[in-house]
Amino acid sequence: MFVCHVALQGCLKLDQTVYGITADTGGHIKYLLELARTSISDPTISRIDIVTRGFDEATLGPVYRAGRETDGDLRLVRLDDGSAEYLPKEALHARHAQLCEAFGKYLLSLDELPDVIHAHYADAGVLARYAKEKFDIPYVFTGHSLGAVKREVSDRTDDALETRIAIEENAVEAADAIIASSRDEAEAQYAHYANAESGRIRVIPPGCDLSDFEGAEVTPKVANEVARFLNDSDKPIILAIARPVRKKNLLGLIEAYAASPSLQDAANLVLVAGCRGLIADLEQECREVLNELLAAIDKHDLYGKVAYPKFHEPEDIPAYYALARQSGGVFVNPALNEPFGLTLLEAAAARLPVVATDSGGPNDIVERCKNGTLVCPIDPEAIAQACLEIVTDRSQWVRFASAGGDAAATYDWRSHCDVYHRLLEDLVRVPVRVPQYQRLLICDIDNTLLGDRNSLREFLRWQASQSDDVALGIATGRSFHSAQSILASEGVPNPDVIISSVGTQIHWFDRDRSCFVEDAAWRRSVERDWDRPSIDDVANEIGLRPQALLEQRTGKASFFLDGRDKQEVERAFRSNGVSVEVVTSHQLYLDILPAGINKGSAVSHVADELGLLRARVAVAGDSGNDLGMLRSCVHPIIVGNWSDGLGDDPALSHAYIAKACHAAGVLEGVKHFQARGSW
Ligand SMILES: O=c1ccn([C@@H]2O[C@H](COP(=O)(O)OP(=O)(O)O[C@H]3O[C@H](CO)[C@@H](O)[C@H](O)[C@H]3O)[C@@H](O)[C@H]2O)c(=O)[nH]1
Ligand SMILES: O=P(O)(O)OC[C@H]1O[C@](O)(CO)[C@@H](O)[C@@H]1O
């Protein structure tokens, strides 16, 4: 497969990228280069071209001139759009027509057209859409950072931002798939875009080449660079590494530090904010931000406590993390919103605890790596307090530092490419016909289909042999994107249907378009009787503690059970005249759904859509939120590792209780019903 990546902004070169040299030379380039290097090492990928915009600007050097560059198997093509000026991303839209024309010329100059285009960031989407319309090449889109989120967190807008948002809408509208790095990006950030249909968004966590960060050592150069700013360079370091742009909120971090005398006593602050010669020569936003940072240091008289080095080489960055680790310090990402946050992975790999914004991708990262705490980025006291706690509590520091070691294994480009390449193959493959299914098997995910890799492999072999006859569905408490992401990472082929968020959403896999499509009729029935304000009134009255914001959605209000009795909660809603479905799982979670909506009613809807009688449906589950579908199904399978009293439930006396656990238990149940001839 020949993949063409397009990324237009910033200073892109195949080797020794100087991150932070301009406001647009940041994470998207690191992501793209690391992805491309791993991707090309896979035998299924025959060629990768990276297309960017050429320019020739005296301050940046001649290396970015229009032309071509190669490095091993990677080729870089710099388009000539007729202007040699370096343009910040806000100005690129004025060159779209010329860039499309130059891109068209490049495509026509090739012996063979790319099989698929991967566009990075809004403007690249314009070129990808142009090529799709002109040459019929499918494209995938990675946003990296979305304008509508920036507008929301900064609480202001301007023409450039509105133009960018319109370009993003245009790019996502025609994209065959949208790749998101985190669940937050897929579910909360893309929710701002009318054209970003949920079924086309795939969460594929990026990798991050962390080899330079694991075991990173302090270099004398970096130690001296920092020491020359500080009165007492032995104190723990609070480190931030970010491009000097407003969204990264470095000023908020200085204000938090300035407002906390105890933090100033306990630690120094080190800000690595891009590279600069003269501040006056920087682009406008970087210039303004740096001037604001210097003014704040001066205003609060933080001299001797804050270091803000002028220049670093890419290879100095690991040494900064090492210096902060050696000092017993902490890494802080105070961004107003961080779409994903590669620096948090770098810090994790360098065994440096983190304090990170609770807005965006860090939610996923910190939940997975357990290497620090999340804070509200506009709460200076919370930022200072979180830093202080980590630098003064040694046992907490050690816990966070050691937990970060798993980051490299969790965020790995090879695992990313396994899923990513399968997605690209699906997009270029000629669609296969949908079989006339005779049976339907619906499985819960956690502790049912997943949980034991060997039995999953066995199950998948069986499923492949039945795939013309048996439709495979999923019914899970997870959200759709979380479900789809974990299934893909465990190598489960796209199921025919995913029932998610405890039955409140249904997505069908459309084989022609190789993407999922939400069942609109089901959505309407969920929305019809949804009365969130009344649910919140009752929840407040009985003191229910809500789960995170991302777990709340139309048709699902999620709380913690906190030792309550399910009947007691049901009574409270009944006595207030609020008609709902109450679902509990693992004695921990409590979901309030619209009356009549649960995994069971969703399974019935799916069977009806497939035109299958109830006797042709089998369902498998392990815990409380599977009760509805297990009870209402003629062929329920309870896997051997059941919980929440499922195996002892008199209403489930018709269920097959497997001896085997997880997917092997599902298979045992299926074979039992097949042998009886009843399914
Ligand atoms: O002065 C600097 C500033 C940053 N960096 C490096 O540049 C990268 C920055 O990446 P990230 O922290 O993820 O931020 P952005 O540059 O803003 O990248 C965008 O794209 C990334 C990849 O999709 C996402 O992780 C981000 O959330 C998104 O904002 C990291 O490797 C940093 O170490 C430097 O080397 N020097
Ligand atoms: O902060 P913004 O305006 O979303 O811009 C993000 C910029 O940073 C990057 O994400 C970092 O490289 C670029 O894709 C983009 O130019």
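1. A residue counts as buried under 20% relative accessible area, as exposed over 50%, and as partly exposed in between. That scale will help with the salt bridges below; please keep in mind that this is a predicted model.

2. Let's start with the R523 and E527 pair, whose side chains meet in a salt bridge at 3.8 Å, N to O. R523 has 34% relative accessibility, so it counts as partly exposed, and E527, with 39%, is partly exposed too. The two sit four residues apart in helix α20 (residues 520–528), about one helical turn.

3. Now for a buried pair: R53 and D81 form a salt bridge of 2.8 Å, N to O. R53 belongs to strand β2 (residues 47–53) and D81 to the loop between β4 (74–79) and α2 (96–109), so the bridge ties together parts 28 residues apart in sequence. The relative accessible area is 2% for R53 and 4% for D81.

4. You may also like to look at D626 and K599, with their closest N and O atoms 2.4 Å apart in a salt bridge. This pair links distant parts of the chain, 27 residues apart. D626 is buried at 0%, and K599 is buried at 1%.

5. Where does ligand 1 lie? Domain 1 (2–203) and domain 2 (220–408) both give residues to its shell, so ligand 1 lies between them. The shell's residues divide into ten nonpolar, eight polar and five charged, and α1 supplies the largest share, four residues.

6. Among the polar contacts, a side-chain N or O atom of R243 is 2.6 Å from an oxygen atom of ligand 1. The protein buries 96% of the 690 Å² that ligand 1 exposes when taken alone.

Technical notes: Residues are numbered from 1 along each chain as its sequence is written. Chains are lettered from A and ligands numbered from 1 in the order in which they are written. This is a predicted model: local features need pLDDT of at least 70, side-chain atom pairs count only at pLDDT 80 or more; totals for chains, interfaces and linings use all residues. Side-chain values use heavy atoms; hydrogens and water are left out. A polar contact is a pair of N or O atoms within 3.5 Å; within protein, one must be able to donate a hydrogen and the other to accept it, and residues adjacent in sequence count only if both atoms are side-chain atoms. Accessible areas come from the Shrake-Rupley method with a 1.4 Å probe; for residues, only the protein chains shown count as cover. Ala, Val, Leu, Ile, Met, Phe, Trp, Tyr, Cys and Pro count as nonpolar, Asp, Glu, Lys and Arg as charged, and the others, Gly among them, as polar. Domain bounds come from an automatic or database domain assignment. A salt bridge is a side-chain nitrogen of Lys or Arg within 4 Å of a carboxyl oxygen of Asp or Glu. Buried means under 20% relative accessible area, exposed over 50%, partly exposed in between (1.4 Å probe, protein chains only).
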